[in-house]
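Hi,

Here is the structure I promised to pass on. Have it open while you read, and my notes follow below.

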Amino acid sequence: MRIEKTDIIHSLYNATNVGWDEVNNKWLASDEYGNPIDVVEAAVDAEYAKQFYKNQRMREYPSIEDQLDLMYHSGFDAWKAKIKETKDKYPKP
């Protein structure tokens with residue numbers, strides 16, 4: 001599942017509703033009671049940048065079916081080596 005900025009806002013602010021205000025070019029968020037939350041876009045951008053490696057990895061990992069096929073035909077060590085290629089290419093910050 002691709003990580004979006006809305007996911008970051010949900011996690012940073014415990015927001016239940018998140019949207020983009022196209023008129024004012026800013027994020028809108030509210031809590032479970034409908035109270036507005038002041039979203040600091042710089043904080044959202046910083047957290048998104050820290051987690052962007054996950055999106056890059058997801059795009060390059062083989063499908064689950066291909067991973068299982070690799071394990072069946074070539075063994076667990078071959079699977080680990082294949083996954084490590086992507087993890088090394090896109091390390092955690």
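Let's begin at Asn25, which is found in the loop between strand E1 and strand E2 (26-30). Before you go further, please keep in mind that this is a predicted model. Asn25 has a phi near 50°, a positive value in a residue other than glycine. Most residues other than glycine have a negative phi. With a relative accessible area of 52%, Asn25 is exposed, because the cut-off for that word is over 50%.

A second asparagine belongs in the same paragraph of your notebook. Asn14 has a positive phi too, near 55°. You'll find Asn14 in the loop between H1 and strand E1 (17-21). Its relative accessibility is 63%, so Asn14 counts as exposed.

Now for the helices. Where do H3 and H4 stand relative to each other, and at what angle do their axes cross? The axes of H3 and helix H4 (residues 76-89) come within 7 Å and cross at roughly 140°. Angles over 145 degrees would count as roughly antiparallel, so at roughly 140° the two helices are oblique to each other. On the H3 side, the contact is made by Gln67, Leu70, Met71 and Ser74. On the H4 side, Phe76, Ala78, Trp79, Lys82 and Ile83 take part. Sorted by type, the residues of this contact are six nonpolar, two polar and one charged.

Gln67 deserves a closer look. This residue sits in helix H3 (residues 64-74). Is Gln67 buried or exposed? At a relative accessible area of 11%, Gln67 is buried, since the limit for that is under 20%. Its side chain makes a polar contact with the side chain of Trp79, at 2.8 Å. Leaving out residues up to four places away in sequence, Gln67 touches Tyr61, Pro62, Trp79 and Ile83. Trp79 and Ile83 are also among the H4 residues in the helix contact.

While you're on H4, have a look at Asp77, which lies in that helix. Asp77 is exposed, with a relative accessible area of 60%. Its C-alpha atom is separated by 22 Å from that of Lys54, and the two residues are 23 apart along the chain.

Next, the charged pairs. Side chains of opposite charge can pair when their charged atoms come close. How many salt bridges are there? The count comes to six, and I'll take you through some of them.

- Asp45 with Lys5: these side chains meet in a salt bridge at 2.7 Å, N to O. Asp45 lies in helix H2 (residues 41-60) and Lys5 in helix H1 (residues 5-13), so the pair ties together parts that are 40 residues apart in sequence. Asp45 is partly exposed at 31% relative accessibility, and Lys5 is partly exposed as well, with a relative accessible area of 27%.
- Glu47 with Lys50: here the side chains meet in a salt bridge at 3.2 Å, N to O. Both residues lie in helix H2, three residues apart, which is about one turn of the helix. Glu47 is buried, with a relative accessible area of 18%, whereas Lys50 is partly exposed at 47%.
- Arg2 with Glu4: the side chains of this pair meet in a salt bridge, also at 3.2 Å, N to O. Arg2 is partly exposed, with a relative accessible area of 43%. Glu4 counts as partly exposed too, at 35% relative accessibility.

One more stop, back on H1. Thr6 lies in that helix and counts as partly exposed, at 27% relative accessibility. Not counting residues up to four places away in sequence, Thr6 touches Val18 and Trp27. The C-alpha atoms of Thr6 and Ser30 are separated by 12 Å, and the two residues are 24 apart along the chain.

If you want a short route through the model, start with Gln67 and its polar contact with Trp79. After that, go to the salt bridge between Asp45 and Lys5, and finish with the positive phi values of Asn14 and Asn25.

Cheers

Conventions:
Residues numbered from 1 in each chain as written. Predicted model: local features only at pLDDT ≥ 70, side-chain atom pairs only at ≥ 80, totals over all residues. Heavy atoms only, no water. Helix = DSSP H or I, 4+ residues; strand = E, 2+ residues; numbered from the N terminus. Buried < 20%, exposed > 50% of the residue type's maximum accessible area, 1.4 Å probe, protein only. Polar contact = N/O pair within 3.5 Å; in protein donor to acceptor, adjacent residues only side chain to side chain. Contact = heavy atoms within 4.5 Å. Axes fitted to C-alpha atoms, helices over the stretch in contact; angles between N-to-C directions. Parallel < 35°, antiparallel > 145°, perpendicular 65-115°, else oblique. Nonpolar A, V, L, I, M, F, W, Y, C, P; charged D, E, K, R; others polar. Salt bridge = Lys/Arg side-chain N within 4 Å of Asp/Glu carboxyl O.
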